[in-house]
Amino acid sequence: VQLQASGGGLVQAGGSLRLSCAASGLSFDVRAWFRQAPGKEREFVARINWIGGSTNYADAVKGRFTISRDNAKSAVYLQMNNLKPEDTAVYYCASTSNVWATTKKDYDYWGLGTQVTVSS
């Protein structure tokens, strides 16, 4: 199983970025994005179920971020709009077969992160 996150970069406040998470060896999983800022715990950002496509978001990103999927490519995306300096973090893609997953401990597979930096 491999997860590969990409799409990070440097953007000004108010700008947008689109992160991608490509996977191999996975099917019908719950895929999520987490982020970790320097000196802080890794925190949940958004998740999407493969079957049904239901989504959940952290309060801090609701209305600004959208998670979506492409079943044919086994890929998940995170569209981030109206970015704020506090969104600066390394963003990680994670996967689990547990549809009831609620914390990072519930996720079995993690990709290497991609850095997102938002300047003020």
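Is Ser-74 buried or exposed? At 13% relative accessibility, Ser-74 counts as buried. The model shown here is predicted, and the legends below go from the whole chain to single residues.

**Figure 1. The protein chain is built from eleven strands and zero helices.** Read from the N terminus, the order of elements is β-β-β-β-β-β-β-β-β-β-β. The radius of gyration is 13 Å, close to the 14 Å that the globule rule gives for 120 residues, so the chain is as compact as a globular protein of that length. Along the principal axes, the C-alpha trace spans about 40 × 30 × 25 Å. Among contacts with a separation of 6 or more, 53% are between residues 24 or more positions apart.

**Figure 2. Surface and charge of the protein chain.** Of the 120 residues, 41% count as buried. The exposed area is about 6400 Å², and carbon and sulfur atoms supply 49% of it. There are 13 positive and 9 negative side chains. The centres of these two sets lie 3 Å apart.

**Figure 3. The disulfide between Cys-21 and Cys-93.** The count for this model is one disulfide. The sulfur atoms of Cys-21 and Cys-93 are 1.8 Å apart. This pair links distant parts of the chain, since Cys-21 belongs to strand 3 (residues 17-24) and Cys-93 to strand 9 (residues 89-96), with the two positions 72 residues apart in numbering. The torsion about the S-S bond is about -75°, so the disulfide is left-handed. Cys-21 has a relative accessible area of 0% and is buried. Cys-93 is likewise buried, with a relative accessible area of 0%. A disulfide is a covalent bond between the sulfur atoms of two cysteines.

**Figure 4. Surroundings of Asn-49 in strand 5.** Strand 5 covers residues 43-49 and includes Asn-49. With a relative accessibility of 12%, Asn-49 counts as buried because the cut-off for buried is under 20%. Leaving aside neighbours within four places in sequence, Asn-49 is in contact with Asp-29, Val-30, Ser-54 and Arg-69.

**Figure 5. Ser-16 and its contacts in the loop between strand 2 and strand 3.** The loop that holds Ser-16 follows strand 2 (9-12) and leads to strand 3. Ser-16 is partly exposed, and its relative accessible area is 40%. Ser-16 and Leu-83 are 67 residues apart along the chain, yet their C-alpha atoms are separated by 6.2 Å. Not counting residues up to four places away in sequence, Ser-16 touches Val-11, Gln-79, Met-80, Asn-81, Asn-82 and Leu-83.

**Figure 6. Ser-74, a loop residue with positive phi.** Ser-74 lies in the loop between strand 7 (65-70) and strand 8 (75-80). Phi of Ser-74 is near 50°, a positive value in a residue other than glycine. The relative accessibility of 13% places Ser-74 among buried residues.

**Figure 7. Asn-82, in the loop between strand 8 and strand 9.** For Asn-82, phi is near 50°, which is positive although the residue is not glycine. Asn-82 is partly exposed, with a relative accessible area of 41%. Asn-82 is also one of the residues that Ser-16 touches.

Notes
Residues are numbered from 1 along each chain as its sequence is written. This is a predicted model: local features need pLDDT of at least 70, side-chain atom pairs count only at pLDDT 80 or more; totals for chains, interfaces and linings use all residues. Side-chain values use heavy atoms; hydrogens and water are left out. Helices (H or I, at least four residues) and strands (E, at least two) are DSSP runs, numbered from the N terminus. The radius of gyration is taken over C-alpha atoms; the globule rule is 2.2 Å times the number of residues to the power 0.38. Buried means under 20% relative accessible area, exposed over 50%, partly exposed in between (1.4 Å probe, protein chains only). Contact means heavy atoms within 4.5 Å. Accessible areas come from the Shrake-Rupley method with a 1.4 Å probe; for residues, only the protein chains shown count as cover. Lys and Arg count as positive and Asp and Glu as negative; His and the chain ends are not counted. The place of a charge is taken as NZ of Lys, CZ of Arg, CG of Asp or CD of Glu. A disulfide is a pair of cysteine sulfur atoms within 2.5 Å.
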